[in-house]
Amino acid sequence: MDIEEDIRSLNLESAEDHNGVINPEDSKPEEVEKSDKMDEDPKQEVQAQAVEAEPKVKDKEVLSLQDEEDEPEMTKRHLNVVFIGHVDAGKSTTGGQILFLSGQVDERTIQKYEKEAKDKSRESWYMAYIMDTNEEERVKGKTVEVGRAHFETETTRFTILDAPGHKSYVPNMISGASQADIGVLVISARKGEFETGYERGGQTREHVQLAKTLGVAKLLVVVNKMDEPTVQWSKERYDEIESKMVPFLKQSGYNVKKDVLFLPISGLMGTNMKTRVDNSVCPWWKGPCLFEALDAIEVPPRDPNGPFRMPIIDKFKDMGTVVMGKVESGTVREGDSLLVMPNKDQVKVVAIFIDEDRVKRAGPGENLRIRLSGVEEEDMLSGFVLSSVANPIPAVTEFIAQLVILELLDNAIFTAGYKAVLHIHSVVEECEIVELLQQIDTKTKKPLKKKVLFVKNGAVVVCRVQVNNNICIEKFSDFPQLGRFTLRTEGKTVAVGKVTGL
């Protein structure tokens, strides 16, 4: 039985490599590019690519599957990194450079991108093309969707999530950050660019606040474009940016000493990324380079034995129903029976994939594609949660939450009857505040005695929130990732909060 399944999975994977175009998220962006545009036989190209990128070749997979049954490869820890920051700070370029330096993209592909960027008279964008794979993104030079890619350092496997910086795409950025463990905040050191990103209305501020709420515990603040003619690795400029960012990061709730690290890089040149910057270029920087900093980050603790929870980010048909998401708690094995909540559909796990590799089981923190039987693709929406049968996730239409009001729209007040859009893990739902229960004194952290009818910016308030459809959430104290949320109105983040009671 197993062998048949393996053969099927092999056929499936080679099929995927070619129809990658239909589903760009599945196959790595480079492979899509290749199988799409190469003149030679794309199959050999992809095969060769696979061999270079990772020693586990597909043909050997049958063998490795049997060995892995008892002990899946847990040799390297796995981290999700989200790249956030203002438009044009250089997030995609930095992400592309990382993939290039860690050997995920070969010289030839880079040359192709360089030519393509030149044709669009955008020479300096060629690195970003590795991350921004669709045409719209390349023409405008703006990331729209959340790009995904994978790379490894000595000790860690990383999944890069390249979030869009433009303010009209903040909901996409929220979905990217909610899957991440650590954030890389990219800031442009170029004169004027840091200022626009940082001042009121810039995306740097909003992204930091969102990242904190969405559970990105550790932040690497990367000061990019240090090679720019207006900067030329100037220590003054770097220190100025750091001194402006620190108070703001503190105010957003980061412990700057423990959870934040600043470092200068050049994403386009690749300086101070894989290897430390040369003294001749930058005599004053004695700290780590980007890869070392990423390697040194402590992984947030996760519970492999907890009840299984995986919010569904995306779903599609592919020899059955396939769902994508990140495991927030528990472990999943082939053959498990699970529930799709809130619909309570019983499903069976047919196959599990991490990136392109089929595995027998997977633990918390992994980004998976799971093939399910027993449910139709159209019966699922993103925001549904795969959960264990014994201990399913609660589905509610009303909950109690503690909110911090960040920035209401002009002359709005926050009171019962306030409507907004709720973003919680992968759920996006319209919601209404039904009643304000109590206001919390921000200094003493204790509830105030008097009854609250409305609150203004900066207030902390406990309230009852109601949504139209059943949504799956947990109390923040039990599952932080499934219990924190943001409220947005007309494209602005109005409040952030956590679920305190169901």
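**Close-up views of the predicted model**

**View 1. Leu290 and its neighbours.** In this predicted model, Leu290 touches Thr94, Ile98, Leu220, Val222, Leu263, Asn272 and Met273, leaving aside residues up to four places away in sequence. Leu290 is also one of the best-connected members of the largest nonpolar core, where the residues with the most contacts inside the core are Leu220, Met245, Leu249, Leu290 and Leu294. That core has 63 residues in total, and its largest share, six residues, comes from helix 11 (residues 235–251). As a rule of thumb, nonpolar side chains in soluble globular proteins tend to be buried together.

**View 2. The second core.** Move to another part of the model and there is a separate core of 29 residues. Among its members are Phe414, Val461, Phe485 and Val499. Phe485 turns up again in View 5, where its ring pairs with that of Phe399.

**View 3. Helix 5, mostly under cover.** Helix 5 spans residues 91–101, and nine of its 11 residues are buried. The buried set runs through Lys91, Ser92, Thr93, Thr94, Gly95, Gly96, Gln97, Ile98 and Leu99. Two of these names, Thr94 and Ile98, will be familiar from View 1 as contacts of Leu290. Just past the helix, look for Gly103, which takes a positive phi of about 80 degrees.

**View 4. Two tryptophans, edge to face.** The structure holds seven aromatic pairs, and here is one made by Trp284 and Trp285. Their ring centres sit 6.4 Å apart with the planes at 85 degrees, so this pair counts as edge-to-face. Trp285 has a relative accessibility of 14%, so it counts as buried.

**View 5. Phe399 and Phe485 across two strands.** This is another edge-to-face pair, because the planes of the Phe399 and Phe485 rings lie at 75 degrees, with the centres 5.8 Å apart. Phe399 belongs to strand 16 (residues 395–405) and Phe485 to strand 22 (residues 484–489), so the pair ties together parts that are 86 residues apart in sequence. Both Phe399 and Phe485 are buried.

**View 6. A phenylalanine cluster.** Phe151, Phe158 and Phe291 come together as one aromatic cluster.

**View 7. Zooming back out.** The protein has 13 helices and 23 strands, and 54% of its 502 residues are buried. Of the contacts with a separation of 6 or more, 71% join residues 24 or more positions apart. The accessible surface comes to about 21,900 Å², with 52% of it belonging to carbon and sulfur atoms.

Note on methods
Residues are numbered from 1 along each chain as its sequence is written. This is a predicted model: local features need pLDDT of at least 70, side-chain atom pairs count only at pLDDT 80 or more; totals for chains, interfaces and linings use all residues. Side-chain values use heavy atoms; hydrogens and water are left out. A nonpolar core is a set of buried Ala, Val, Leu, Ile, Met, Phe, Trp, Tyr and Cys residues joined through side-chain atoms within 4.5 Å. Buried means under 20% relative accessible area, exposed over 50%, partly exposed in between (1.4 Å probe, protein chains only). Helices (H or I, at least four residues) and strands (E, at least two) are DSSP runs, numbered from the N terminus. Contact means heavy atoms within 4.5 Å. Rings of Phe, Tyr and Trp (its six-membered ring) pair if their centres lie within 6.5 Å; planes under 30 degrees apart count as stacked, over 60 as edge-to-face and the rest as tilted. Accessible areas come from the Shrake-Rupley method with a 1.4 Å probe; for residues, only the protein chains shown count as cover.
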